[in-house]
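Student: I would like a close look at a single part of this structure. Please take one helix and go through its surroundings step by step.

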Amino acid sequence: MNFRPHARAEPEINLIPFIDVLLVVLIFLMLSTTYSKFTELQVKLPAADAQQLRDYPREVIVAVSSDGRYMVNKTLVDGRGIEVLGTALTLAAKAGKDSVIIISADASATHQAVITVMEAARRQGLTQITFATQSSLQAGVK
């Protein structure tokens, strides 16, 4: 009988299969990843094919210039604030709350200038808003 304690084998971790699995995962990720470069977003606004504007008493046409000035029904608005623009919209809205606000913005007008018109209309209770565009043939867009 052998009463000597047996030497236990130390557990060992075999790293070779682990490295093989990691390399396969790495190759899979390298092949399945797409590399896209988004350097800039070019947007050309506005151009659409629409009918000519008709003159209705319910319509209030708000023109927004490229430098942020406003004209309400061909009358220049003094100032660029929401309150001043809202007052001008209320005076021009002959049909009251049923008036339709048509925003005719220059293609290079800032987004904030258009949002200011929309916010002024909302504060005055004028909720029917649309945008005027020109046909793509008139704009020179193909």
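Tutor: What follows is a walk through helix H3, beginning with the chain around it and ending with the helix beside it.

This is a predicted model, in which local features need pLDDT of at least 70 and side-chain atom pairs count only at pLDDT 80 or more, while totals for chains, interfaces and linings use all residues. Residues are numbered from 1 along each chain as its sequence is written, and side-chain values use heavy atoms, with hydrogens and water left out.

The chain has four helices and five strands. Helices (H or I, at least four residues) and strands (E, at least two) are DSSP runs, numbered from the N terminus. Read from that end, the order of elements is α-β-β-β-α-β-α-β-α. The chain has 142 residues, and 21% of them count as buried. Buried means under 20% relative accessible area, exposed over 50%, and partly exposed in between (1.4 Å probe, protein chains only).

Now to the helix itself. H3 has 13 residues, and from its first C-alpha to its last it reaches 18 Å, close to the 18 Å expected at 1.5 Å a residue. The expected span is 1.5 Å times one less than the number of residues in the helix. The buried residues of H3 are Ala113, Val114, Thr116, Val117, Ala120 and Ala121. These residues lie on the same side of H3, because they cover an arc of only 155 degrees around the axis. The arc is that of the directions from the helix axis to the C-beta atoms. On the other side of H3, the residues His111, Gln112 and Arg122 are exposed. After H3 comes Gly125, with a positive phi near 85 degrees.

What do the buried residues of H3 pack against? Their partners are E1, E2, H2, E4 and strand E5 (128-131).

Val117 shows this at the level of one residue. Val117 sits in H3, which spans residues 111-123, and is buried, with a relative accessible area of 1%. Leaving aside neighbours within four places in sequence, Val117 is in contact (heavy atoms within 4.5 Å) with Val62, Val64, Tyr70, Leu85, Leu89 and Ile103. Leu89 is 28 residues from Val117 along the chain, yet their C-alpha atoms are separated by 9.1 Å.

Next comes the core. A nonpolar core is a set of buried Ala, Val, Leu, Ile, Met, Phe, Trp, Tyr and Cys residues joined through side-chain atoms within 4.5 Å. The largest one here has 20 residues, and those with the most contacts inside it are Val60, Val72, Leu85, Leu89 and Ile101. Strand E1 (59-64), strand E2 (70-72), helix H2 (82-92), strand E4 (100-105) and H3 each supply at least two residues of this core. H3 gives the most, with five residues.

Last is helix H2. The buried residues of H2 are Leu85, Gly86, Ala88, Leu89 and Ala92. They cover an arc of only 165 degrees around the axis, so they are on the same side of H2. On the other side of H2, Glu83 and Leu91 are exposed. The buried residues of H2 pack against E1, E2, E4 and H3. Leu85 is in contact with Tyr70, Val72, Val77, Thr116, Val117 and Ala120, leaving aside its neighbours within four places in sequence. Ala88, also found in H2, touches Val72 and Val77, not counting residues up to four places away in sequence.
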